[in-house]
Amino acid sequence: MTCPDKPGQLINWFICSLCIPRVCKLWSSRRPRTRRNLLLGTACAIYLGFLVSQVGRASLQHRPAAERGPHQSRDTAEAPFPEIPLDGTLAPPESQDNGSTLQPNVVYITLRSRRSKPANIRGTVKPKRRKKYAVVSLALGQEALVGPSLQPLEAARAADADVPGYVQRGNLANVGEKHWRLIRGPGVRVGGSDLQLPKARESNIRIYSESSPSWLSKEDIRRMRLLADGAVAGFQPVSSNSQVRLLMFQGSAAGSVPGCGPSPCGLVKQPLDMSEVFAFHLDRILGLNRTLPSVSRKSEFIQDGRPFPVIFWDSSLSPTSNETHSSVKLTWGTYQKLLKQKCWQNGRTPRPDSGCTAVHHQEWSKVALFDFLLQIYNRLDTNCCGFRPRKEDACVQNGLQPKCDDQDSVALEHIIQRKHDPRHLVFIDNKGFFDRSEDNLNFKLLTGIKEFPESAVSVLKSQHLRQKLLQSLFLDKVYWESQGGRQGIEKLIDVIEQRAQILLTYINAHGAKVLPMNE
């Protein structure tokens, strides 16, 4: 029995010590149980009951939680939690009115606040870059703006009135319906200091790995970047009577690449010729390396802002005739005779009376394979005699389709060599057709071909054509987006894979040879 340590408890124990013996004595004695004695006993009994209840409550509060009954634990669990701060902070225990604080076995629960920024995860495909612009004070001076761009003359005149230093560099009239003018911007070089507004922007040629695909050379990547991101200096026609225009670029070192004059150029094609870009990547993957670099580009002052293909202009190409756009004049009949002669194969010099041209025999095998996969007819079948053409095809538009009775006299077109390399061909005007059904493929393109390049056939057999095309075409951001992303590109690759299987079946059925052609 513990000694009470508070005044209230001392009083209770004193009264209890007086009442209990007296009640017992009155109850057990033989004295008459008068009304006074009964009332006094009842009062003492009530007071004793009150004391017992107080002692029991105090003992329950000091008992450990493990010793409580199951019903008490369930009641405690069902009690609602006090308010919990959601901001991650924890307030000290609140004081009660009687001066006591919350018991030390109370558990405080806090919730962590949400992260304001996501974690920086390594291995992402592309880091997000933010463009930062420096704020330049006008008191430092105003110099010429670097980074040329094209704006309408009205906007250029308004800009001249506001910012001095805009210099007219070229006359770009007759481009669309508006008159355009070259002005400088964006970027400021202030005084003689190094403070500049950065003009760097994200390239349209996306290479996120350490190296580019193995089938694209460093020169290919450099020319692709020039065509996709190069600053435009102006336009010039290919010839005096031609409607085809060249896009002239700035910022290239003199003599670094062949070009039209001191600066390199790109041939601007129509938006419907976007398959030229696909043809370039397919040519490199197959190991033919006969097409010129091609990319897609968008500009506000060309083709109404729609994506259009730009093909690298190579001034080393041999001059062509105006009729056939070829540096070698051949008809279908002459072409079939050359295939039988196998000119220049295995290092043999043809006889003077053989009728051979300077083109190597194996070049025709590469042309036939390439044109069949893309169903290009404007080189070997200009009259569309090997398939059923549509109204939109050039042979029908020019009225050439009915002229298939005398095919031997039909001239071949777009047969072009280089001045310094007449043995090899350069594939130009490579507009392909992906909407031609399997029962309407042009097998005339394969007529007379008995050999096919091993490098190309091995890629078609390897089951890696799709993967390589996806990886290669992804580099060209504008082309990838113009075709509807991966979903649209996959549909084009489906067509090429189907034609590749048909071509492999044709090679096996006709007993054609597959030879290395790396002469």
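A crossing of two helices is called left-handed if the near helix is turned anticlockwise from the far one by less than a right angle. I note that here for the helix pairs below.

**Entry 1: the whole chain**

I am working with a predicted model. I began with an overview and found 13 helices and 12 strands in the protein chain. The chain has 519 residues, and 38% of them count as buried. I also looked up the contacts with a separation of 6 or more, and 67% of these join residues 24 or more positions apart.

**Entry 2: α10 and α13**

Next I turned to a pair of helices, α10 (residues 454-461) and α13 (residues 485-510). Their axes are 10 Å apart, and the packing angle is about 120°. Angles of 65 to 115 degrees would count as roughly perpendicular and those over 145 as roughly antiparallel, and α10 and α13 are therefore oblique to each other. Which hand does the crossing of α10 and α13 have? I found it to be left-handed, which is where my opening note comes in.

I then listed the residues that meet. From α10 come Val457, Leu460 and Lys461, and from α13 come Ala500, Gln501, Leu503, Leu504 and Ile507. Sorted by class, this contact has 6 nonpolar residues, 1 polar and 1 charged.

**Entry 3: α6 and α11**

I looked at another pair, helix α6 (residues 275-285) with helix α11 (residues 465-473). Here I read an angle of about 130° and axes 10 Å apart. That makes α6 oblique to α11. The crossing of α6 and α11 is right-handed.

On the α6 side I noted Phe278, His281, Leu282 and Ile285, which meet Leu465, Lys468, Leu469, Ser472 and Leu473 of α11. This contact divides into 6 nonpolar, 2 polar and 1 charged residues.

**Entry 4: a sheet and the helices on it**

I followed an open sheet of 5 strands, in the order β4-β5-β6-β8-β7, with antiparallel pairing. Which strands stand at the edges? They are β4 (232-237) and β7 (294-297); each has a single partner strand, so one side of each is left without a neighbour in the sheet. From one strand to the next, the twist averages 35°.

As a reminder to myself, strands of a sheet pair through backbone hydrogen bonds, either parallel or antiparallel. I checked one pairing in detail: β4 and strand β5 (residues 245-249) run antiparallel to each other over 5 bridges. Glutamine 236 has leucine 246, in β5, as its bridge partner.

Then I looked for helices against this sheet. Helix α5 (residues 218-229) lies across β5, β6 (265-268), β7 and β8 (308-312), and it runs at about 25° to β7. My α6 from the previous entry turns up again, packing on the sheet and touching β7 and β8. The direction of α6 makes about 145° with that of β7.

**Entry 5: the loop after α6**

I stopped at glycine 287, in the loop between α6 and β7. Is glycine 287 buried or partly exposed? Its relative accessible area is 31%, so it is partly exposed. I also compared it with methionine 517: the two are 230 residues apart in sequence, yet 9.8 Å apart in space, C-alpha to C-alpha.

**Entry 6: α7**

My last stop was helix α7 (residues 332-341), where the buried residues are Trp332, Gly333, Tyr335, Gln336, Leu338 and Leu339. What do they pack against? I found α8 (361-374) there. Just after α7, I noted that lysine 342 takes a positive phi of about 50°.

Key
Residues numbered from 1 in each chain as written. Predicted model: local features only at pLDDT ≥ 70, side-chain atom pairs only at ≥ 80, totals over all residues. Heavy atoms only, no water. Axes fitted to C-alpha atoms, helices over the stretch in contact; angles between N-to-C directions. Helix = DSSP H or I, 4+ residues; strand = E, 2+ residues; numbered from the N terminus. Parallel < 35°, antiparallel > 145°, perpendicular 65-115°, else oblique. Contact = heavy atoms within 4.5 Å. Nonpolar A, V, L, I, M, F, W, Y, C, P; charged D, E, K, R; others polar. Pairing = 2+ DSSP bridges. Buried < 20%, exposed > 50% of the residue type's maximum accessible area, 1.4 Å probe, protein only.
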